[in-house]
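Visitor: I would like a close look at a single part of this model, the place where two helices pack against each other, followed outward into what surrounds them. Please take it slowly and keep the geometry explicit.

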Amino acid sequence: MEKFSYVNASSLEQVTALLSDSGWGEVMLIAGGTDLLAELKEYVETPKTLVNLKTLPGMDGIEADASGLKIGALTTVADIAKHPTIQHHYTVLAQAAVSVATPQIRNVGTLGGNLCQRPRCWYYRDETTDCLKKGGDICYAVDGLSKYHAILGGDPVYIVHPSDLAPALIALGASVTIVGPEGEKTMSLEEFFTLPAANPYRENVLQPNEIVISVQVPPAQPNTKSFYLKAREKGAPDFALASVAGVFEMDGKTCKSASVVLGGVAPAPWRSKEAEAALTGKMINEMVSKQAGSDAVKDAQPLNDNAYKVTLTQNLVSRAAMMAAS
Amino acid sequence: MASWGEASESRLIGKRIPRLSGRDKVTGKAKYTFDINRPGMLYGRILRSEIAHANVVGIDLSEAEALPGVKAVIPIIEVGKKIRYQGQEIAAVAAETDDIAKDAIRLIRVDLEELPYVVTEADAMAEGAPQIRDDWEGNQSEPGVREAGDLEGGFAQAAVEVEATYHAPVQTHVCLETHGHVAEWEDDQNLTVWASTQAVFGTRNDLAGTFDLPANQVRVITEHMGGGFGSKFGPGVEGRTAANLARMTGRGVKLMLTRKAEHLVAGNRPSMTQHVRAGATSDGRLIAYDMKGYGTGGISSGAGFQAPYVYHVPNLRTEKMNVAVNVGNQRAMRAPGHPQGAFAMDSLMDELAEKLGMNPLEFRRINDPSEVRQAQYTLGAQEIGWHRRNSVPGSGTGVKKRGMGVGSGLWGGGGGPGTQARVTINSDGSVEAVTGTQDLGTGVRTAIAIIAAEELGLNPTDISVKVGDSEPGLPSGGSGGSQTMASVAPVIKTAAAAAKQKLFERIAPQLEAPVEDLRVGNHTIYVVSDRTKTIKWELATGQLGMESISEGGQWDEELRQGGAAGTQFAEVEVDTETGELSVIKIVAVQDCGLAINRLTTESQINGGVIMGLGQAILEERFMDAQTGRMLNANLEDYKVPGTFEIPEIKSIVFDTHRKVTGVGEPPCIPTPGAIANAVYNAIGVRVRELPITPDRILNALAEQKA
């Protein structure tokens, strides 16, 4: 990696001030570093300054009460996975958290880092390949090897968003709080993520001088079932070939409301309004769940090597729906 | 006639004995080449090409040389020469720290004139493909043709025929310790190299030749070693470069390959594509076999594979070609040519059996000439519960479907001459067994101790085993071809026997018995005809004074035997909605002759199965035709088995005779075929391409549906 200076952060004001001095990539934030270090070692990123967030007070921890969850951005993935309230009332989130990487990575990787991690695309991660995401002219996945790439929302960059926590949190209706030079703002996590058509270079709305400080999750509804289903080639560590975060409010076998968010298939966590519509108000049976699955992928446009993801995603959505009814 | 005696007479041989280096390895005390740090040592790094095919127009080392902390910068390729694959060496540096070395290679300016490249077999064979080898016409070698019997006559007798194409991609070795060396010159005539190598003496001789030194002035040390699998038989460019940098700087130099370079240039198992048409008679005899196939070993050749394999076919024609691509070269990899050949052959056997309406195991019994495997089929089938398999493939109910399959393999492993060893008995009773072989993690060190201890009536821990060092001047061959045990064990045994004989000769007068009446056991020498006459081991050796006994041994052919048959059964579960494949259990029945140490023999089988599992379900090198680069030269997207993938493995040491046979390679051979057949038995649709990943399973299921 290139040389950089290292600053221990003491306040959010200091962090946003440091970030404001430059555009992307000059000053970068480090918490767990599980993603960033690999980018530095591969020379995908070559920042001049790293700002260590772990010295910021009050940025980690999980508050669980009647108003829901508030999770600090520095909370580790492991702490989310093992939190009793999350395990019992926000199952989809606990399941997503424990599916991340390996125990070692979960012990240091943070919520904020997980949401803001960069794509795993093998063209993007190769220093010498000047791909569209890095400012080049083409997305090599289009004519290249695309087994792990997007089937939805790709154009013009066919990366997939690698986060497991993001689909789960979006399915739970989470919001995210961001701090910038102008102060604090809160927005829905779903709107936080963006597609390459809007900005091919970034995966979310963060400006270079902004930082994610926490995520809020509304109170768990009674009679809700939630699941995170993640298909992968290896038990661990492996990123999702496709995943489904599903939150279903049930009345017996009838689905009163559904929230279905796909991971591993699009450049952003992909909320499937189609699957939700196919399930909401319906008595869930095999036919209905199959319909939800096929509706979820009806706009899918696979590349050369990833048509299997269409089937896979369809089946995962159906499976989640059937699980809700069982 | 020399023999290992009856099993009932063996106190140690054939028992389960923990490896001597086990504690050191798990506590981190064991020093691998990577762990060697010499006083004042520098760090070496190699600049490699990211371009697959180019003319080298210029190399400017000046900026790198100017970086503080850099002690030497050398070109490796000459200007005017051609780069022929990604990862090819351009230049190297030695610097005070590894970080400086990394920075320095990035300051080397290289002017490359890019040439058209091909990195996939399909591109190489396409019409109008750029010519990438000067010595071939096109990018394909002349086909090697083999014919036997009467092919058309054979097909005329066939009641059923199968025509299919099977493919296995390139697999890389993934040695957990990457290739590397620490080189240090005592003076300009004496070089010591710590090497992660499978061939201590081969490495010594290569370096002696490179630097024009008498061989005994190069010392190569491999105390512990983190895997080679056929890829580490010499110093390679990196080892010669390390020694060169060390000589230039007068300092020790450590130069280990990066994981990326390990994938790119440190060898691989060639790919295989075979189009085969085969026929069987109505009574289940494999009667005709016609195969055209190719593979790539990179820019070199060597992409051979076994076809047909194991089973007898009287009428055949095979045609094999090498395809050249601008990618790093193949090297021998655990049973070269066998696992991919076995995968195709065992898949074909099942396809034929199904057309005949026969149980695939019965079809094998008819066509397998090996009596050993015939017995293994029975044992393995019993162990896996073969009767539980789906008699109609894919007939299981539910989303997750289970199935079973079988695969077979064969290997040589009979060893050869060329090992020298010395067993020394010192007056304090200590015993040393020394030879220039190396322990790649196979357990040969422990096996040597067992053999010497058995012969001398001692315990394995009483024997000080010295291997992995060329300095004692006791050569042994490289550890390849599963030859090590069968090459080394007879020499150790005869050396220990000779040393024992010498000790008996010294002690016999004192015990008032003829030498041939003496025996040793439990640290005591005794007279077999009069058990009251005994002398403790240390008292006996105490009389040696300054005259230690030190004896060599011979490679006695009677103590070893080539030929190892193997059979494996797999049970798998396929999630038909996600394509996820779990291997539930592997039963590996492995012929191995005399297992010197049953525990490490089982470990060898476990390791082979795990490597075969990786090839079957995970491992694949991805080459990008657009950039000419390997896309997964890491361990994130080049996936090897981990805890979650490794099934229950039942390793059955099938020891049919009491002669030593190597078992390093054969256990990885039958695994992919057995798993592929089990997948078919589970889902009723065949995946003819390795690795069997969720995408391939889902695609196959989709095709079946359509």
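Guide: In this predicted model, the contact between H9(B) and H16(B) is made on one side by B:Pro339, B:Ala342, B:Phe343, B:Asp346, B:Ser347 and B:Asp350 of H9(B), and on the other by B:Pro672, B:Gly673, B:Ala676, B:Asn677 and B:Tyr680 of H16(B). Sorted by class, the residues of this contact are six nonpolar, three polar and two charged. Two packed helices are described by the angle between their axes and the distance between the axes. Here the axes of H9(B), residues 338-356, and H16(B) come within 7 Å and cross at roughly 35 degrees, and the crossing is right-handed.

Taken by itself, H9(B) has 19 residues that should span 27 Å at 1.5 Å a residue, and its end C-alpha atoms are 26 Å apart, which agrees with that expectation. Of these 19 residues, 17 are buried, so H9(B) is largely enclosed by the rest of the structure. The residue that follows H9(B) is B:Gly357, with a positive phi near 70 degrees.

H16(B), which covers residues 671-683, also packs against H15(B), residues 598-617, and for this pair the angle is about 50 degrees with the axes 8 Å apart. That angle makes H15(B) oblique to H16(B), and H15(B) passes H16(B) in a right-handed crossing. From H15(B), the residues that meet H16(B) are B:Val609, B:Gly612, B:Leu613, B:Gln615, B:Ala616 and B:Ile617, while H16(B) offers B:Thr671, B:Pro672, B:Ile675 and B:Ala676 to them. By class, this contact has seven nonpolar, three polar and no charged residues. B:Pro672 and B:Ala676 of H16(B) thus appear in the contact with H9(B) and again in the contact with H15(B).

Beyond H9(B) along the chain, there is another packed pair to consider. H10(B), residues 360-367, and H11(B), residues 371-384, pack at an angle of about 165 degrees, with their axes 10 Å apart. Because the angle is over 145 degrees, H10(B) is roughly antiparallel to H11(B), and the crossing of H10(B) and H11(B) is left-handed. The residues in contact are B:Leu361, B:Arg364 and B:Arg365 of H10(B), together with B:Gln374, B:Tyr377 and B:Ala381 of H11(B). They divide into three nonpolar, one polar and two charged.

Earlier in chain B lies H7(B), residues 236-249, whose 14 residues reach 20 Å from the first C-alpha to the last, close to the 20 Å expected at 1.5 Å a residue. Its buried residues are B:Gly236, B:Glu238, B:Gly239, B:Thr241, B:Ala242, B:Ala243, B:Asn244, B:Leu245 and B:Ala246. H7(B) is followed by B:Gly250, whose phi is positive and near 70 degrees.

The loops of chain B complete this part of the description. In the loop between strand S16 (286-296) and strand S17 (315-323) sits B:Ser300, which counts as partly exposed because it has 18 C-beta neighbours inside 10 Å. If neighbours within four places in sequence are left aside, B:Ser300 is in contact with B:Asn329 and B:Gln330. B:Ser300 and B:Leu701 are 401 residues apart along the chain, and their C-alpha atoms are separated by 37 Å. B:Pro308 is also found in the loop between S16 and S17 of chain B, and the peptide bond that leads to B:Pro308 from B:Ala307 is cis, with omega near -5 degrees.

B:Asp188, in the loop between strand S10 (180-187) and strand S11 (190-195) of chain B, is exposed, with 10 other C-beta atoms within 10 Å. Its C-alpha lies 70 Å from that of B:Met358, and the two residues are 170 apart in sequence. B:His523, in the loop between strand S22 (518-521) and strand S23 (524-527) of chain B, has a phi near 60 degrees, a positive value in a residue other than glycine. B:His523 counts as partly exposed, with 15 C-beta neighbours inside 10 Å.

How values were computed: Residues numbered from 1 in each chain as written. Chains lettered and ligands numbered in written order. Predicted model: local features only at pLDDT ≥ 70, side-chain atom pairs only at ≥ 80, totals over all residues. Helix = DSSP H or I, 4+ residues; strand = E, 2+ residues; numbered from the N terminus. Expected span 1.5 Å × (residues − 1). Buried ≥ 20, exposed ≤ 12 C-beta atoms within 10 Å, placed from the backbone. Axes fitted to C-alpha atoms, helices over the stretch in contact; angles between N-to-C directions. Parallel < 35°, antiparallel > 145°, perpendicular 65-115°, else oblique. Left-handed = near helix turned anticlockwise from the far one by under 90°. Contact = placed C-beta atoms within 7 Å. Nonpolar A, V, L, I, M, F, W, Y, C, P; charged D, E, K, R; others polar.
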